[in-house]
Amino acid sequence: MNARETVRSYYDALRAGDPLAPYVADERDGDDPYVKFGVSERLVGSDGIREGLRTQTETTTDWRVTSRELRVTERDHHAWFSDAVAMAWTDAETGRRREFDTRWSGTLVRRDDGWRFVGLHVSTADDF
């Protein structure tokens, strides 16, 4: 799977409620902790990111993820992407539906087991 396919596969896993943790790379010796910014959270370190993604999967349902402008640049061992994504989900506990127009950007590295995220940023696309 190339980097573009990995991003699309992540979106598919999010929609399906499948585990997202396998998409996150482990830090290597000397790395600062990886960071994932979501609409309302900041997760630090690969273990913290994986735990946050597990909790998200366990507490949400009915995901809609619509990619509108996926752009991916891939090099030998690094890739980066950006996208405009309409997304929505339901809080499994309260039944509250959440919907956002968002901007995504991130960095991936190629590891022995494929492309993995080392950084991910999701923010709302509010007008100012």
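Phenylalanine 117 lies in strand E7, which covers residues 114–124, in what is a predicted model. The residue is buried, its relative accessible area being 4%, because the limit for a buried residue is under 20%. Apart from neighbours within four places in sequence, phenylalanine 117 is in contact with Val7, Tyr10, Tyr23, Val24, Ala25, Phe81, Thr107 and Leu108. Glutamate 41 stands 76 residues from phenylalanine 117 in sequence, and the two C-alpha atoms are 17 Å apart in space.

**The nonpolar core**

Phe117 is also one of the residues with the most contacts inside the largest nonpolar core, together with Tyr10, Tyr11, Phe81 and Trp104. This core holds 32 residues. At least two of its residues come from each of helix H1 (3–16), helix H2 (46–59), strand E3 (60–67), strand E5 (78–91), strand E6 (97–111) and strand E7. Helix H1 makes the greatest contribution to the core, with 6 residues. In soluble globular proteins, nonpolar side chains tend to be buried together.

Tyrosine 11 has its own set of contacts beyond four places in sequence: Val65, Ser67, Leu70, Phe81, Asp83, Val85 and Trp104. Phe81 therefore appears among the contacts of tyrosine 11 and among those of phenylalanine 117, with contact meaning heavy atoms within 4.5 Å.

**Residues in the helices and in strand E3**

Serine 9 belongs to helix H1. Beyond its neighbours within four places in sequence, serine 9 is in contact with Met1 and Tyr23. Tyr23 is likewise listed among the contacts of phenylalanine 117. Glutamine 56 is part of helix H2, and its contacts outside the four-place window are Leu14, Leu20 and Trp63. Serine 9 has a relative accessible area of 19% and is buried; glutamine 56 is also buried, with a value of 19%. Both count as buried because the class takes in residues under 20%.

Aspartate 62, in strand E3, is exposed at 54% relative accessibility, since exposed residues are those over 50%. Aspartate 62 is not a glycine, yet its phi is positive, at about 55°.

The table sets out the relative accessible areas of these residues.

| Residue | Relative accessible area | Class |
|---|---|---|
| Phenylalanine 117 | 4% | buried |
| Serine 9 | 19% | buried |
| Glutamine 56 | 19% | buried |
| Aspartate 62 | 54% | exposed |

**The chain as a whole**

The secondary structure of the protein chain consists of 2 helices and 7 strands. Read from the N terminus, the order of these elements is α-β-β-α-β-β-β-β-β. Of the contacts between residues at least 6 apart in sequence, 51% join residues at least 24 apart.

The chain has a radius of gyration of 14 Å, which agrees with a compact globule, because a globule of 128 residues would have a value near 14 Å. Along the principal axes, the C-alpha trace spans about 40 × 30 × 30 Å.

Buried residues account for 42% of the 128 residues. The exposed surface of the protein chain comes to about 7600 Å², of which carbon and sulfur atoms supply 44%. The chain carries 19 positive and 25 negative charges, and the mean positions of the two sets are 4 Å apart.

Conventions:
Residues numbered from 1 in each chain as written. Predicted model: local features only at pLDDT ≥ 70, side-chain atom pairs only at ≥ 80, totals over all residues. Heavy atoms only, no water. Helix = DSSP H or I, 4+ residues; strand = E, 2+ residues; numbered from the N terminus. Buried < 20%, exposed > 50% of the residue type's maximum accessible area, 1.4 Å probe, protein only. Core = buried A, V, L, I, M, F, W, Y, C linked by side-chain atoms within 4.5 Å. Rg over C-alpha atoms; globule rule 2.2 N^0.38 Å. Areas by Shrake-Rupley, 256 points an atom, 1.4 Å probe, with all protein chains shown as cover. Lys, Arg positive; Asp, Glu negative; His and termini not counted. Charge placed at Lys NZ, Arg CZ, Asp CG, Glu CD.
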